[in-house]
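Colleague: I am new to this structure and would like a close look at a single part of it, the nonpolar core and the sheet around it. Please take it slowly and connect the pieces.

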Amino acid sequence: MAVTNFTSLLGLALPTTGDLSGTWGTTVNDSITSLVDSAVAGTTTISADADVTLSTTNGASNQARQAIILWTASGTTTRYITAPAQSKSYIVINATGSTQSIVVRGAGPTTGATVIAGEKCVVAWNGSDFVKVVSSEA
């Protein structure tokens, strides 16, 4: 049987009793273990100078699940990174080669948290928007 259920926040495989009998290895390794690995320590690097909506998928790799957002584009216009409007925190590193600010916001869109050029911070969903929890400028 194939897995048809996924966790609501990270989209990890959620096998039910009887699923994957004798064939669990690939699903557990690819749709749970590897995805938890990226959720805890993975990086989404964004190098294009454009607004971005982080990709989301169930049971497969995606941008929104990653722990770290690394912005490397070099522009001057403020850009928006739209993440799912749900419980999640991100380490955000604005490593632009210019003066560019980025805003991490929830789908909807929400107002979001502005991260200036050179800033490193943690943003977290507070139930209605992403807010800065910790910040450090370079």
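Before the core itself, among contacts in the protein between residues at least 6 apart in sequence, what share joins residues at least 24 apart?

Modeller: In this predicted model, 44% of the contacts between residues at least 6 apart in sequence join residues at least 24 apart. The secondary structure comes to one helix and nine strands, with the helix coming before the strands from the N terminus on, and buried residues make up 39% of the 138 residues.

Turning to the core, the largest nonpolar one has 19 residues, of which Leu54, Tyr90, Val92 and Val123 touch the most other members. Two or more residues come from each of strand 3 (68–71), strand 4 (79–83), strand 5 (89–94), strand 6 (102–106), strand 7 (113–115) and strand 8 (119–125), and the largest share, three residues, is that of strand 8. Leaving aside residues up to four places away in sequence, Leu54 touches Tyr90 as well as Thr44, Ile46, Gln63, Ala64, Ile69, Ile81, Thr82 and Ala83.

As for the sheet, five strands form an open one in the order 1-3-5-8-9, with mixed pairing. Strand 1 (43–46) and strand 9 (130–137) each have a single partner strand, so at these edges one side of each is left without a neighbour in the sheet. Direction ignored, neighbouring strands of this sheet are turned by 20° against each other on average. Within the sheet, strand 5 and strand 8 run antiparallel and are joined by five bridges, and Val92 stands opposite Cys121 in strand 8.

Definitions and conventions: Residues numbered from 1 in each chain as written. Predicted model: local features only at pLDDT ≥ 70, side-chain atom pairs only at ≥ 80, totals over all residues. Heavy atoms only, no water. Core = buried A, V, L, I, M, F, W, Y, C linked by side-chain atoms within 4.5 Å. Buried < 20%, exposed > 50% of the residue type's maximum accessible area, 1.4 Å probe, protein only. Helix = DSSP H or I, 4+ residues; strand = E, 2+ residues; numbered from the N terminus. Contact = heavy atoms within 4.5 Å. Pairing = 2+ DSSP bridges. Axes fitted to C-alpha atoms, helices over the stretch in contact; angles between N-to-C directions.
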